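Please open the structure in your viewer and keep the selection tool at hand. The tour moves from stop to stop, with something to select at each.

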Amino acid sequence: MKRFLPAAILLFAVIWVALSLLPAPERGAFDLAAFGRLPVLADGRMKPLDTIARNALLMLQGRQRLETKEGRTVAPVQWLLDVFYRPAEADAYPVFRIDNPDVLSLFNLTPADGQGRVRFSFIQLQAGVGELDRQARLAAETESALRSPFQRGVIDLQQHLAYYERLGYSCQPPDRPDFAADLADAARFRACRPGFEAMNTFGLLRLIPPAAGGEWSTPGRILAAAAAPADVDTRVFLFAAIGHAWSDGQSESFNALVRNYRLELAAGFPGLVRRCGLEAYFNRADPFATSESLYLLAFLLAAISWLRWPETLGPAAYRLAGLACALATAGIAARMWLEGRPPVTNLYSSALFIGWGSAVLCLVLERLNRNGVAVSAGAFLGFATLVIAHHLSLGGDTMEMMRAVLDSNFWLSTHVVTVTVGYASTFLAGFLAIVYILRGVLTKSLDKATADSLGRMVYGIVCFATFFSFIGTVLGGIWADQSWGRFWGWDPKENGALIIVLWNSTILHCRWGGLIRQRGLMVLAVIGNIATAWSWFGVNMLGIGLHSYGFTQAAFYGLVVFAASQLLLIGLAGLPLARWRSFRPAAA
């Protein structure tokens, strides 16, 4: 039975992946998937309404799944339709996540009043919006890095409420329950003029395609410029009719309107409709979430194989990690096709690529060594980077438009990819060193053969990392010279990249000069994790330099905790050799 266990585990994993990729059947009479595939222009790029719904829920409540207080599950697109057309129902959904009790006190609420103790509805918050705005204005006067948790909480919640209200003005004024009838009657049309102006001011989504060579527009802009119903684009009437069918529960009418509109769009914008359809499917399939689970299972199997059944669990872990890596590869390739960009364009995609690159390198190392060590490090890095990527996705669209100075596929394909490979390989060397330390100090599974194999792997990966980090840093200087007119300006990001190059070079020189042996190599490789985390994450999220995305307190605390954990591991490695439970290196 043990002989067939790896194949059985892989078979069940493949079936699970296949089921996760199958289109989900519609559970109601309304074709929500078809509506979710409709294209819209938002945040500078075309995307399906499904993406709008999922990103909004991620930003507002930290997850895509929406549950009512009664335990009913609401699909993201269904929630978005209610925000557009049934605001009374939407306002009752608990979609605003509030963790800070001081922020809750502004609304006279306690955690017990919320769904899951952290999620609250717009109705619950409405009475305290005025005080929230006042506190947010006061907090805005404080520098972002110096704000208290309460100040950050009120600013975030105010922005989330504003975003939610702007979504509500995208298709019709929230106070007009029968907007289709308003547009059809000239007198009611004139009475809606203030609502048109509000839609024009606050409407967030450009839903209306250009008639001929123009640009996408918001319904509010079209309505504000119209003197009579005859002046209004027919697609504005269409969205009003869709809203009427949704509000009245007319599923057949809703489905027919959506289907016919999509056919009309496909005739004029075939590539756009096809791409938005694929993106909506990609959102639902969520290959990175499945890959994350497979990586975790592979890591657990690899770790157990150090202690028991290595000849069975080791191959099973390798195959699961290979499947997870293949799924992540497909996900990254799909993102590249959807964006028309190389794999790394922002911090989110860098997390995906670093985990993917580490996993690929580990699969190659495991193929050469077959001891369950490399696969454990690769699976853990793959899992950890996907967790980081998930938290980065909470800020909004992960396929955002590039800043003008960075809008270069050539340099994104060369400098960014090369330097990110350097990050991935430096991290990999550090995590292989962590495996060496933990197995040596905490278990009896690190024999001389495994220790020597780890030593060779770490040394080889450091050489690999040095090369790519150096080439990537030089290419970055050339790009900076073209973009900003100077090759090097001692920007924190540049310094971080240089630190990685210098540190990897220091490791190699110490080894070549005989200053360190096996255990010393591992200690220096772990220090490389701290340098890489600073260059990759610290300078991007701490509000410093030209490469900064803005200060984030969570990133600061995360970096401190990560650095402290690496120092703790270094302390473990420095224990007297008599305290090591496994193979004892001859010297540091």
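Which side chain meets that of Arg 45 in a salt bridge? Select Arg 45 and Glu 279: their side chains form the bridge, with N to O at 2.8 Å. Bear in mind throughout that this is a predicted model.

**Stop 1: salt bridges**

Keep the pair selected and colour the chain by secondary structure. Arg 45 belongs to strand 2 (residues 45-48) and Glu 279 to helix 16 (residues 270-285), so the bridge links parts of the chain that are distant, 234 residues apart. Arg 45 is buried, because its relative accessibility of 10% is under the 20% limit. Glu 279 is buried as well, at 3%. Now add Asp 43, Lys 47 and Asp 397 to the selection; together with Arg 45 and Glu 279 they are linked in a network of salt bridges. The structure has 17 salt bridges.

Next, select Arg 235 and Glu 264. They too form a salt bridge, and their closest N and O atoms are 3.5 Å apart. This pair also links distant parts of the chain: Arg 235 lies in helix 14 (residues 234-248) and Glu 264 in helix 15 (residues 251-268), 29 residues apart. Arg 235 is buried at 11% relative accessibility, whereas Glu 264 is partly exposed at 42%.

Move on to Arg 206 and Glu 215, whose side chains meet in a salt bridge at 3.9 Å, N to O. Is Glu 215 buried or exposed? Glu 215 is exposed, with a relative accessible area of 52%; Arg 206 is partly exposed, at 26%.

**Stop 2: an arginine without a salt bridge**

Select Arg 147, in the loop between helix 8 (129-140) and helix 9 (149-168). Arg 147 is buried but has no salt bridge. The nearest side chain of opposite charge is that of Asp 156, 7.0 Å away. What does the side chain of Arg 147 reach? It reaches the backbone oxygen of Thr 142, at 3.0 Å.

**Stop 3: aromatic rings**

A search of the whole structure gives 21 aromatic pairs. Select Phe 380 and Phe 431 to see one: the ring centres are 5.6 Å apart and the planes stand at 40 degrees, so the pair is tilted. Phe 380 is in helix 20 (residues 373-392) and Phe 431 in helix 21 (residues 409-442), 51 residues apart. Phe 380 is partly exposed, at 31% relative accessible area, while Phe 431 is buried, at 12%. Extend the selection to Phe 299, Phe 427, Trp 536 and Phe 562, which form one aromatic cluster with Phe 380 and Phe 431.

For a ring with a charge over it, select Tyr 459 and Arg 511. The charged end of Arg 511 sits 4.0 Å from the centre of the Tyr 459 ring.

**Stop 4: two buried residues in helices**

Go to Thr 418, in helix 21. Thr 418 is buried at 14% relative accessibility, and its side chain reaches the backbone oxygen of Thr 414 at 2.5 Å. Beyond its neighbours within four places in sequence, Thr 418 is in contact with Phe 468, Ile 471, Gly 472 and Leu 475.

Finish at Ala 451, in helix 22 (residues 448-484). Ala 451 is buried, with 0% relative accessibility. Add Ile 437, which is 14 residues away along the chain; the two C-alpha atoms are separated by 9.8 Å.

Methods. Residues numbered from 1 in each chain as written. Predicted model: local features only at pLDDT ≥ 70, side-chain atom pairs only at ≥ 80, totals over all residues. Heavy atoms only, no water. Phe/Tyr/Trp six-rings, centres within 6.5 Å; stacked < 30°, edge-to-face > 60°. Helix = DSSP H or I, 4+ residues; strand = E, 2+ residues; numbered from the N terminus. Buried < 20%, exposed > 50% of the residue type's maximum accessible area, 1.4 Å probe, protein only. Lys NZ or Arg CZ within 6 Å of the ring centre and 35° of its normal. Lys, Arg positive; Asp, Glu negative; His and termini not counted. Salt bridge = Lys/Arg side-chain N within 4 Å of Asp/Glu carboxyl O. Polar contact = N/O pair within 3.5 Å; in protein donor to acceptor, adjacent residues only side chain to side chain. Contact = heavy atoms within 4.5 Å.
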